[in-house]
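Please explain how this chain is put together, beginning with its strands and moving outward to its helices and loops. A biochemist who has the coordinates open should be able to follow each step.

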Amino acid sequence: MRLHALVADEESARRAAAGGATIVQLRLKGAPTAEVVALGKALDGLDAELIVNDDVDAALELGVGVHLGQSDPGIEQAREAGIPFGVSVTTRREGAVAEFAGATYIGAGPIWRTPSKPDAAEPIGIDGLRDVCLSVSIPVIAIGGIDASNAAECIRAGAAGVAVIRGLAEIESLRAVVDEAL
C-alpha cells in the first residue's frame, strides 16, 4: 500500500510500476467500462497491484479491486462480490463508516490543494489526516498535493502510504521517501 499511482494510460502505468509504485490505479474519468477493461487487460503482468477507479463492473471483469468516492455507487456490489475496495474520505466519521461498510483501505484527503482535481473538497491537512488514521484500523492512503517534499509528513501522521497523480514524474524519489519514512 505504500505508493499508489493514479494513471490514465498504459505508458504511465508501466512507468509508475517500474519506478516503484506498489499500486497502480486506473483513473479514466467518464470512460466506458469496456475501455477501462481493455487498458486493464493490456497491463496484465504489471509489477504492481492494479485497481480501478469508480467502476465496479470493470474491477469484477478484471478480477481486481476498486476505489470509490463518497458519492460513487458500488460499495454493496463490491462487498457482495468479495473484491477489495477503498473509499475516499475527508473526515474521521466517513473513515469509520467506510471501514464498517467493509472497505479494505481508506483514501484520505485532499491533504493539500491539488491542481489535479480542481473540484476536490477543502484540504484536510496533516491534522485531518491524523484524525482519520486514528479513527480506523485499516490502512489509510493520503492523497492530494503530495510530492517527495511532503510525503514523509503523511507517513508520520499515520498513513500507510500516499497516492499521487502529478507526482508520477518523481516516482522513484517518492518511493524512496515513503520507504524511509515507513
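**From the strands outward**

Strand β3, which covers residues 49–53, and β4 pair in the parallel sense, and three bridges connect them. Within this pairing, Val52 has Val66 in β4 as its bridge partner. The model is a predicted one, and the description that follows should be read with that in mind.

This pair belongs to a larger arrangement, a closed barrel of eight strands that runs β1-β2-β3-β4-β5-β6-β7-β8 with parallel pairing. Neighbouring strands of this sheet are turned against each other by 25° on average, when direction is ignored. Elsewhere in the barrel, strand β1 (residues 3–7) pairs with strand β2 (residues 23–26) in the parallel sense over four bridges, and here His4 has Ile23 in β2 as its bridge partner. Helix α5 packs on the sheet, where it touches β5 (85–89) and β6, and its direction makes about 165° with that of β5; since an angle over 145 degrees counts as roughly antiparallel, helix α5 and strand β5 are therefore roughly antiparallel. The two strands that α5 touches, β5 and β6, are themselves joined by four bridges and run parallel, with Val89 standing opposite Ala108 in β6.

Which residues of strand β4 lie on each side of it, and are they buried or exposed? In β4 (residues 65–68), Gly65 and His67 are on one side while Val66 and Leu68 are on the other, and all of them are buried, so that both faces of the strand are covered. Val66, the bridge partner of Val52, is thus one of the buried residues of β4. In β6 the picture can be drawn in a similar way: Tyr105 and Gly107 point one way from the strand, Ile106 and Ala108 point the other way, and all are buried.

Outside the strands, the helices can be followed in pairs. Two packed helices are described by the angle between their axes and the distance between the axes. For helix α5 (residues 92–100) and helix α6 (residues 125–135), the axes come within 8 Å and cross at roughly 30°, and the two helices are therefore roughly parallel to each other. The crossing in which α5 passes α6 is right-handed. On the α5 side the residues that meet the other helix are Arg92, Ala96 and Glu99, and on the α6 side they are Asp131, Val132, Leu134 and Ser135. Sorted by class, this contact has three nonpolar, one polar and three charged residues.

The second pair is formed by α1 and helix α8 (residues 171–181), which pack at an angle of about 40° with their axes 8 Å apart. That angle makes α1 oblique to α8, and the crossing of the two is right-handed. Arg15, Ala16 and Gly19 of α1 make the contact together with Ile171, Glu172 and Arg175 of α8. By class, the contact of α1 with α8 has two nonpolar, one polar and three charged residues.

Helix α1 (residues 10–19) also holds Ser12, whose relative accessibility is 12%, so that this serine counts as buried. With what is Ser12 in contact, leaving aside its neighbours within four places in sequence? Its partners are Val7 and Leu168. Leu46, in the loop between α2 (33–42) and β3, likewise counts as buried, because its relative accessibility is 14%. Leaving aside neighbours within four places in sequence, Leu46 is in contact with Ala13, Arg14, Ala17 and Val24. By contrast, the C-alpha atoms of Leu46 and Asn150, which are 104 residues apart along the chain, are separated by 27 Å.

Two loops deserve a look at their backbone. Most residues other than glycine have a negative phi, and most peptide bonds are trans. Asp54, in the loop between β3 and α3 (56–62), has a positive phi near 70° although it is not a glycine. At 26% relative accessibility, Asp54 counts as partly exposed. In the loop between β6 (105–108) and α6 lies Pro110, and the peptide bond that joins Gly109 to Pro110 is cis, with omega about 10°.

Definitions and conventions
Residues numbered from 1 in each chain as written. Predicted model: local features only at pLDDT ≥ 70, side-chain atom pairs only at ≥ 80, totals over all residues. Heavy atoms only, no water. Axes fitted to C-alpha atoms, helices over the stretch in contact; angles between N-to-C directions. Parallel < 35°, antiparallel > 145°, perpendicular 65-115°, else oblique. Left-handed = near helix turned anticlockwise from the far one by under 90°. Contact = heavy atoms within 4.5 Å. Nonpolar A, V, L, I, M, F, W, Y, C, P; charged D, E, K, R; others polar. Buried < 20%, exposed > 50% of the residue type's maximum accessible area, 1.4 Å probe, protein only. Pairing = 2+ DSSP bridges.
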